[in-house]
Structures are given as structure tokens and as C-alpha cells.
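Please work through the following exercises with the sequence and the model open, and try each task before reading its solution.

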Amino acid sequence: MSVQGKVLARKPKKKMGIDRKRSLEAYIFLIPWLIGICVFFAFPIFTSVRLSFSKIVSFKGLITEWAGLTNYEYIFFYDINFIPTFLQVVYDTLLNTPLCIVFSLVIAILINRKMVGRGFFRTAFFIPVLLGSGYIMKQLLGMGVDGTTITTGIVVPRLIADLLGVSITEVVQSFLDRITVVLWKSGVQIVLFLAGLQGISGSLYEAAKVDGATEWEMFWKITLPMITPIILMNVVYTIVAFFTDGTNPMVDYIYKMNFTNQMYESAAAMSWIYFIFALLLCGAAILLMRRYVYDSGSKN
Amino acid sequence: MSTVMAKSGGRKSKAARLAKTFFLRLGFYFLLCALSFIFLYPFITMIVKSLMTDDDLYNITVKWLPSQATWSNYDIAFRRMRFKAYVWNNVIVCGAATLGHVVSCSLTGYAFARYKFRLKNVLFVLVILMMIVPVQVIIFPLYKQYSDWGWLNRSDVLTFLPLVVPTFFGMGLNGGFFIFLFRQFFMGLPYEMEEAARVDGCGPIRTYARIMLPMAQAPLLVCSVLSLVWHWNDYFEPGVYITAPAYRMLPSVLPNLYALLNQENHTMIQVNELEGIVFNEAMLMAATFLCIIPILIAYLILQRRFMEGVERSGLTGM
């Protein structure tokens, strides 16, 4: 009886042993990343949060003194640049993200068809990614592309301007400028949408065609619902990309606060407000869109 | 009689339909060309401008085609930005960082995709946070940290450490994105592979290295291409960490050239053999183009496989 009891007792223990062994194996794979996340991520974040609530007493060893909310007070009430820059970035992001999603989806659908010169178009739409999020793009966008020259390349400005009048032309102009900037930042989104479109089973379209659906109906009833997970992913990606982009005035300003003005505490406070806002925006996007996202049921 | 009528009517509608598809096609290609023109416009401007002579540059009537193309701008830009010296810095950093990302992110992604372990969800939230927290938020603590470790203000090759080492720990530029990429791919593979390997007595690391990794060509390629391109173009972190003039990276040389141009009187070039040449916009554009040529060539070679890779990596199968 005692032997039986032992066996019974050992059985679940052995199973737990396997689970634990598997868990241990996982942690072996995770070791490099765990070290990395502690050293290069969690600790700097902790320091940054601490800095935003304190005042640096000595740089050696970064000795700080608790200062409460003074840094936050400073950037909200004394810094004349922070709020306008911040609002500008928020405004731009809220406007650019939907534009970016719509345009990249349209372009992805266009170049997903079988056609002549598919490789050329795919490369053309990916070129902005190669030129990068970096300085090159910043300068190229600053050199006339962002301003008037691009529209002279596409629209006949004089004729249309005469027809529309000054004020409307200005609106159209600024819209076109914005589109250029947005298009230039939608390379990755186009690639993701393309991949998503390839993933939609062709049999769905065939079945719809047999039932007499038009292309327009197929887009609204098949393509759009099937691609909703990627739309959500792209929205989050776009928000993050716009917020962290080097051409973003807020990022520039934080950098300047850090390394030109050397007001590290205020810069830390600033970047936290900035980051938390980005997080809220992503969260809001996910919450708003979750209801519409198609779930194939293959979760994990 | 009536059948003939019907037949001819059918033919007519067929012709109409053909015309309709033809015009739709035409409109479709027109739209595509217009859109790709917007995309290529800055790129084309850059190439055209880089070939212009001084006279063409200040002649308003020359907008597109230079009256005579000149390659000397490239020669001057090449020497002015010390391309040959700096390009190796880029190659070393981008190569090492890409290797780091491929190794560490695939390991991490694999663990997240195929294992159940304690705190898995908490740790995965951290991966998501890595994607969302911009490096600008933590740049000062990182800077301080590296400076304490003596990684900054060096004048040897070790000055690249702050750019390269984090990538070997799954961090660095967009590390979270790459972990996510590998996780998505590995999640889509059948479990039978590993079970068969385990039954045959294959250890976890060997299973990963010998069975799972060879199957992961698609995400490996996507990760390498994107990591390479992003590191090549990045100028924020190199601009912060690298101070020794000999170890600057190409994109961070460009701001200096732009500053040179923006000075009121165009400065004469001070490099010995180029003395007396006025640095103009055309040379600047040539320098800019030179910066991206290596990455452009690499991409054009890998283009088709890269696109296939994105499709196969299961990134979009959330």
C-alpha cells in the first residue's frame, strides 16, 4: 500500500518535472534577451522615470535629489515651446495615420494584381524605406519635395488654381504636400498589406465570382474584412513610426533639451509625457478597432 | 433571323467590354505611374541634380535634363566626404548589428512561439513595449550608462560597442519588431517537427539550430534586410555615441555637408587636393546618393526574395 501511495504521489510530480524542464529550456533561449532587456531597457527606463521626478546633484554616479513635480511644472508652465510642438505632433499624427493607412492599402491592392512591370512598381514603392527614416529623407523632403515643387510635377497648377481660387488652392496644396510626406513614410505599411493580401485564399474570390459579385463588392465583403488584422497592426506601427521618426519636431526638441540645453531632468519628463501619449493613442486605436477585426479563430 | 441579331448584339457588347477593360487598364496604369512618380520624385531629383554643372544649377530653365551631365560632382563628393574611409565603418557596424539581431531575435522569438513558461505574458508585454518606447525617451540614461562603462569618447574600433552590443541581446534598433517577426513565423510551424526530434533524442538547442532555424529562411532574410537598411540609415544613435572623427558613419557625415552649404558664403573646401572648389548643391546631392548606393544595390539583388520572405514569414497572420 505504501508502495502504491508512493507511485501515485510521484506521478503528478513527474509531470510537473517535465513542465519545469520545458520552462527551463525556454529560459535558456531567453537568457540573452533577458540580460538585454534588464540592462538596455528596464534600467534606463527606471533611471529616466527617476530623473523626471528629481534634480541632478552630481553627475558622477548620477546622484539625484527628489524634486516632485517641478520638472513637469516647468515644461507645462514655463517652457514656451513644449505645448505648441506637442500639439503640432499630435495633430500631424492624427491626420497622417488614417491617410497613410488608406493610401498604402490602395497602393497595395493596385500592385497586388498581375501586371506588366510589377517588380518595378514594387521597388518604386519601397524606395523610401531604403532612403530611410534617416537624415537623407529629412533633407530630401525639406528640399522642395515637401513644398511646391511636387505639385507642379503632378497637377497643372495655374489652370486649376485659376478655377478654384486662392483659398481653396491653398487647402489643396497643403493636402498634396501632406500626402507626399505621408506616402514617403508608408513603404513598410505597403509591404505588410501586400503580404496580407497574398494571404487571403483565392477560393473566396472564386466563390464570390461564381455568385456574380462585382470587384467592388468583393473588396468590401472579402478583402476589407480579411485584412482588418493587418490594418490594426499597421495603425499601431504607423503611430509608433510617426512618433519616433527623426523628422518629428518633438523628437528634435527632446534631443536638443538633452544635449544642447543639458536640461536632462526636463527632457526626461518631456519624453515621458510624449511616450505616454503615444501609448494612449495606440491603446485607443486597438480598443476602437478590436470590434471590427476579423478573427480567424487560430489564436495561439 | 433573330438568332443572328442576338449574335451580332453579343459581339458588339463584347467589343464594348473589351474597350471598357482597355480604358480601365489604361486608367489603372496611369494611376500607378502617377503614384510611383510621387514616390520616385525626390529620388529622381537627387540623381538629376547630382549630375548638374554649376551653371545648370543656377539656371531656372534647366529643371530636369542637365545641359551636360558631369560626373565630377561624384568625384568631389567621394573625396570630400572621405567615402572610402567611412563606408567601412558603416559596413562593420551594420554587418555586426545585423548578425546580432539575427542571432538573438530568432532565439527569443523561438522561445516565445514554442514554449510555455512562467511570466510568458508579462515578458511578451515587454517585447511590445520595446517596439513602442522610442529610443529618444531613454537616450540620456543609456548615454550615461555607456559613458560609465567607458564605451564613449574612444578613438578605437571599440567606439562602436554601444551600437553593436545591444543587438546581440535582442535590443538595439527595432529589436522588438524582429522578435515579433520570428515569433509570428515560428508559431505557424507544425509541432510534429520538434516532437519527432525530441523522441529521437535531440536536445533543445540542437533542435533549434538544426531543424527550426534552417526552416526559417524567410524571416531570417527579412530580418537581415530590414536590420541592415535601418542601421545603415540611422543617424540618431551614431550621432549621439560616436565622437571620434575617424569612426563616423556615412549618414552622420551628411549633416556637416548640409551645414557647409547653408553657410552664407559657400565655403571653399579645405581638403588638400580639392582646395578652391566651391561646394555646391550638386555635389551635396551626389554625396547623398553615394550614401545609399551600397544599400540600393543590395536591395535590388534581394528584392524578389525579400518580398517573398515578407509574405512567407507569417508576419501578417496575427
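**Exercise 1: the make-up of chain A**

Buried residues make up 34% of the 300 residues in chain A, where a residue is buried if 20 or more other C-beta atoms lie within 10 Å of its own, exposed if 12 or fewer, and partly exposed in between, with the C-beta atoms placed from the backbone. This is a predicted model, in which local features need pLDDT of at least 70 and side-chain atom pairs count only at pLDDT 80 or more, while totals for chains, interfaces and linings use all residues. Residues are numbered from 1 along each chain as its sequence is written, and chains are lettered from A and ligands numbered from 1 in the order in which they are written.

Task: state how many helices and strands chain A has, and how it is divided into domains.

Solution. Start with the secondary structure: chain A contains 13 helices and 2 strands, counted as DSSP runs (helices H or I of at least four residues, strands E of at least two) and numbered from the N terminus. Next, take the domain bounds, which come from an automatic or database domain assignment: domain 1 of chain A covers 2–52 and domain 2 covers 77–290. Between them, 4 residues of domain 1 of chain A are in contact with 6 residues of domain 2 of chain A, a contact being two residues whose C-beta atoms, placed from the backbone, lie within 7 Å. The domain 1 side of this contact in chain A divides into 2 nonpolar, 2 polar and no charged residues; here Ala, Val, Leu, Ile, Met, Phe, Trp, Tyr, Cys and Pro count as nonpolar, Asp, Glu, Lys and Arg as charged, and the others, Gly among them, as polar.

**Exercise 2: a helix and a loop residue**

Task: find where α3(A) bends, and decide whether Met263(A) is buried, exposed or partly exposed.

Solution. Helix α3 of chain A, residues 82–112, has 31 residues and reaches 43 Å from its first C-alpha to its last, close to the 45 Å expected at 1.5 Å a residue, the expected span being 1.5 Å times one less than the number of residues. α3(A) nevertheless bends by about 25° at Asn96(A), with a proline, Pro98(A), following within four residues; the bend is the angle between axes fitted to the seven residues ending there and the seven starting there. Turning to Met263(A), this residue is found in the loop between α12 (249–259) and α13 (264–290) of chain A. Met263(A) counts as partly exposed because it has 18 C-beta neighbours inside 10 Å. Met263(A) and Ile56(A) are 207 residues apart in sequence, yet 9.6 Å apart in space, C-alpha to C-alpha.

**Exercise 3: chain B and the interface**

Task: describe the side of chain B that touches chain A, and then the confidence of the prediction.

Solution. First, 66 residues of chain B are in contact with 72 residues of chain A. The largest share of the chain B side, 13 residues, comes from α1(B). By class, that side has 50 nonpolar, 11 polar and 5 charged residues. For confidence, chain B averages a pLDDT of 81, and 86% of the residues score at least 70, pLDDT being the predictor's confidence in each residue, from 0 to 100. Over residues 1–9 of chain B the pLDDT is below 50, and this stretch has 0 contacts in the model beyond near neighbours in sequence. Residues 264–272 of chain B also have a pLDDT below 50, but this stretch has 16 contacts beyond near neighbours in sequence. Finally, the predictor gives the complex an ipTM of 0.79 and a pTM of 0.81.
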